[in-house]
Amino acid sequence: MSQNYTLITVGHGRLIPSETTMTEEQLQKRTGQSSAFWLTRIMDGIYRLNCKNKITAEHCVRNYQVYCPQCKLVMEPVFPVNKHETPVYTCKKCSK
Ligand SMILES: [Zn+2]
């Protein structure tokens, strides 16, 4: 099972991850403003940003900064971004 992280919105679009034992199903069912996003670990330094409200990848990439769960640095979106897919982020430091 892949590791999931809840995301807390801080300031202007900064998404801070926090490790959770919740499954994708449980995360989908959460309510409240801070529960619109979560992160799923694909491999070291590579994470998928899940958007409950079907916000497009372009929107996420433009409006949010996602922080690395491991080293707390800002991650970079992996390009090219397909607007029909959830965005994938990579941490330059942890993906090496
Ligand atoms: Zn990192």
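Let's start with Leu-39. Leave aside its neighbours within four places in sequence, and Leu-39 is in contact with Asn-4, Tyr-5, Leu-7, Pro-17, Tyr-47, Leu-49 and Pro-69. Keep in mind that this is a predicted model.

Now, where does Leu-39 belong? Look at the largest nonpolar core, which has 17 residues. Six of them touch the most other members: Leu-7, Leu-15, Leu-39, Leu-49, Val-66 and Met-75. Which elements each supply at least two residues of this core? They are strand E1, residues 4-10, strands E3 and E4, and helix H2, residues 57-63. The largest share comes from E3, with 3 residues.

Step back to the whole chain. How many helices and strands does the protein chain have? There are 2 helices and 7 strands. Read along the sequence, the pattern is β-β-α-β-β-α-β-β-β. The chain has 96 residues, and 22% of them count as buried. Then consider contacts between residues at least 6 apart in sequence. Of those, 47% join residues at least 24 apart.

Next, the sheet. It is an open sheet of 7 strands, in the order E5-E2-E1-E3-E4-E7-E6. The pairing is mixed. Which strands sit at the edges? Strand E5, residues 65-66, and strand E6, residues 76-77; each pairs on one side only. A quick reminder on what holds such pairs: strands of a sheet pair through backbone hydrogen bonds, either parallel or antiparallel.

Let's zoom in on two pairs. First, E3 and E4. Strand E3 covers residues 37-43, and 6 bridges join E3 to E4. These two run antiparallel. In this pair, Trp-38 stands opposite Asn-50 in E4. The hairpin of E3 and E4 has 2 residues between the strands. There, Gly-45 takes a positive phi near 80°.

Second, E4 and E7. Strand E4 spans residues 46-51, and strand E7 spans residues 88-90. They are joined by 3 bridges and also run antiparallel. Ile-46 stands opposite Thr-90 in E7. Tyr-47 stands opposite Tyr-89 in E7.

Stay with Tyr-47, which is found in strand E4. Is Tyr-47 buried or exposed? Tyr-47 is buried, because 30 other C-beta atoms lie within 10 Å, and the cut-off for buried is 20 or more. What does Tyr-47 touch, not counting residues up to four places away in sequence? The list is Leu-39, Thr-40, Arg-41, Ile-42, Met-75 and Tyr-89. So we meet Leu-39 again, from the other side of the contact. One distance to note: Tyr-47 and Val-78 are 31 residues apart in sequence, and 9.9 Å apart in space, C-alpha to C-alpha.

Last stop, Lys-72. Find this residue in the loop between E5 and E6. Is Lys-72 buried or exposed? Lys-72 is exposed, because just 11 other C-beta atoms lie within 10 Å, and 12 or fewer counts as exposed. The backbone deserves a look too. Most residues other than glycine have a negative phi. Lys-72 is not a glycine, yet it has a positive phi of about 65°.

To recap: Tyr-47 is buried, Lys-72 is exposed, and Leu-39 is among the core members that touch the most others.

Conventions. Residues numbered from 1 in each chain as written. Predicted model: local features only at pLDDT ≥ 70, side-chain atom pairs only at ≥ 80, totals over all residues. Pairing = 2+ DSSP bridges. Helix = DSSP H or I, 4+ residues; strand = E, 2+ residues; numbered from the N terminus. Core = buried A, V, L, I, M, F, W, Y, C linked by C-beta atoms within 7 Å. Contact = placed C-beta atoms within 7 Å.
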